[in-house]
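Student: Could we go through this chain by question and answer?

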Amino acid sequence: MVTRRQPWHLVKASTLHGKGVFALRDIPAGTRILQYAGRRLTSEQADALHPVNPDDPFHTFFFALSSGKIIDGGQRGNDSRWINHCCEPNCEGHENSDGTRVYIVAMRDIAAGEELLYDYGLVIDEDITAELKQNYRCLCGVPSCRGTMIAVPEPDNKREAAAQELRAAAAELQAELDAAMAQASHAPLNTTKDKPGDKAKTKKKEKKNKKDKDKKTKRKKGKQ
Ligand SMILES: C[S@@+](CC[C@H](N)C(=O)[O-])C[C@H]1O[C@@H](n2cnc3c(N)ncnc32)[C@H](O)[C@@H]1O
Ligand SMILES: [Zn+2]
C-alpha cells in the first residue's frame with residue numbers, strides 16, 4: 001500500500017496580498033514544506049518576459065538561484081508561487097547541493113493557520129532608488145519592515161561605515177605624523193653636550209643594534 005504524505009499547506013486568500021499559503025497543520029522547524037517549482041530561465045529570458053499582470057507590472061513569480069538562473073513560478077509552477085513576502089519571515093528558500101532546486105523550509109515551528117512567508121530579498125541590477133523601492137513596496141507590516149521587498153545591501157552599509165572609520169583613523173595618524181615632522185625639522189640638531197661615558201654607551205648601542213639587525217636578517221633568510 002502506498003501512503004501519500006499529507007500536505008503541510010493550503011492556498012487561500014491572504015490579508016497581506018492576493019492569494020497566500022498557510023500552514024494546514026503544525027509545522028516543525030526545519031521541515032521542507034514544498035519545492036519552488038517553475039520553468040528555468042536565464043536572466044536575459046527573464047528580462048524579456050512581459051509583466052504577468054500589466055495592471056501590476058512589478059508583480060513577480062521569479063525566484064533567483066545563486067547560479068544566476070531564475071525559476072519562473074508563473075510557468076509550470078506549483079503552490080509555492082503564492083507564498084507572500086515578509087521582512088520577518090517564518091520560512092526561507094534552501095538550494096540543493098548543486099544549486100538547481102529550491103525548497104521552502106520552516107525557519108521555526110509554525111502553528112497551523114499561520115501564513116507561510118519568506119523574505120524575497122529581490123536583487124535588481126539597477127541603482128536602488130526610492131522609486132524602485134516604492135515599485136516593490138512591502139506591506140508586511142512587521143515592526144522591522146524595511147518598506148521594500150528588494151534586498152537591502154546591509155553588508156555594503158557596514159563595509160562603508162568600516163571604511164569611513166579607517167579613513168578617519170588614517171587622517172588622524174597623518175596629522176600626528178605631520179606635527180611630529182614639523183617639530184623635528186625645527187628642533188636644534190645637538191643641544192646636549194656629551195657627558196663622559198656617553199660615547200661608550202653609543203658605541204655599545206651601535207654594536208647591539210648591529211647584532212639585532214644580523215639576527216633579524218638571519219631570521220628572514222631562514223624563512224625564505
Ligand atoms: C509570488 S507572488 C505571491 C502571491 C500573490 N499574493 C498573488 O496573489 O499573486 C508575489 C507578488 O505578491 C505581492 N506581494 C507578496 N508579498 C507582498 C508584501 N509583503 N507586500 C506587498 N506585496 C506583496 C507582490 O505583488 C509580489 O510581486
Ligand atoms: Zn516588510
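The questions below go from the whole chain to its strands, its ligand shell and single residues.

Tutor: This is a predicted model, in which local features need pLDDT of at least 70 and side-chain atom pairs count only at pLDDT 80 or more, while totals for chains, interfaces and linings use all residues. Residues are numbered from 1 along each chain as its sequence is written, and chains are lettered from A and ligands numbered from 1 in the order in which they are written.

Student: In what order do the elements of the chain run from the N terminus on?
Tutor: Helices (H or I, at least four residues) and strands (E, at least two) are taken as DSSP runs and numbered from the N terminus. The chain has 4 helices and 10 strands. Their order is β-β-β-β-α-β-β-β-β-β-β-α-α-α.

Student: Over which residues is the pLDDT below 50?
Tutor: pLDDT is the predictor's confidence in each residue, from 0 to 100. The chain has a mean of 82, and 76% of its residues reach 70 or more. One stretch has a pLDDT below 50 and, beyond near neighbours in sequence, 1 contact in the model (C-beta atoms, placed from the backbone, within 7 Å); it covers residues 191-224.
Tutor: Where pLDDT is low, the predicted coordinates should not be read in detail.

Student: What is the bridge partner of H9 in strand 2?
Tutor: Two strands pair if DSSP finds at least two bridges between them. Strand 1 (residues 9-13) and strand 2 (residues 19-23) pair in the antiparallel sense over 5 bridges. They form a hairpin with 5 residues between them, and G18 in the turn has a positive phi of about 40 degrees. Within this pair, the partner of H9 is A23.

Student: Which residues are the closest to ligand 1?
Tutor: The shell, counted by C-beta atoms placed from the backbone and lying within 6 Å, holds 18 residues. Strand 2 and strand 7 (84-85) each supply at least two of the shell residues. The closest are H17, G18, N84, H85 and L139.

Student: How many charged residues does the shell around ligand 1 have?
Tutor: Ala, Val, Leu, Ile, Met, Phe, Trp, Tyr, Cys and Pro count as nonpolar, Asp, Glu, Lys and Arg as charged, and the others, Gly among them, as polar. On that basis the shell has 7 nonpolar and 8 polar residues, and the number of charged residues is 3.

Student: Which side chains of strand 9 point to one face and are buried?
Tutor: In a regular strand the side chains alternate between the two faces of the sheet. A residue is buried if 20 or more other C-beta atoms lie within 10 Å of its own, exposed if 12 or fewer, and partly exposed in between, with C-beta atoms placed from the backbone. Along strand 9 (residues 102-106), Y103 and V105 point to one face and are not buried, while the other face has the buried V102, I104 and A106.

Student: Which residue of strand 9 stands opposite H94?
Tutor: Strand 8 (residues 91-95) and strand 9 pair in the antiparallel sense over 5 bridges, and strand 3 (residues 32-35) pairs with strand 9 in the antiparallel sense over 3 bridges. The bridge partner of Q35 in strand 9 is Y103. The residue opposite H94 is also Y103.

Student: Why does I71 count as buried?
Tutor: I71 is in strand 6 (residues 70-72). Leaving aside neighbours within four places in sequence, I71 is in contact with Y36, G38, R40, F63, L65 and V102. I71 counts as buried because its C-beta neighbours inside 10 Å number 27.

Student: Is R76 buried or exposed?
Tutor: R76 lies in the loop between strand 6 and strand 7. R76 has a positive phi of about 55 degrees although it is not a glycine. With 11 other C-beta atoms within 10 Å, R76 is exposed.

Student: How far apart in space are L122 and F63, C-alpha to C-alpha?
Tutor: L122 is in the loop between strand 10 (117-118) and helix 2 (130-135). Not counting residues up to four places away in sequence, L122 touches Y136, M149, I150 and A151. L122 and F63 are 59 residues apart in sequence, and their separation in space is 8.5 Å.

Methods. Contact = placed C-beta atoms within 7 Å.
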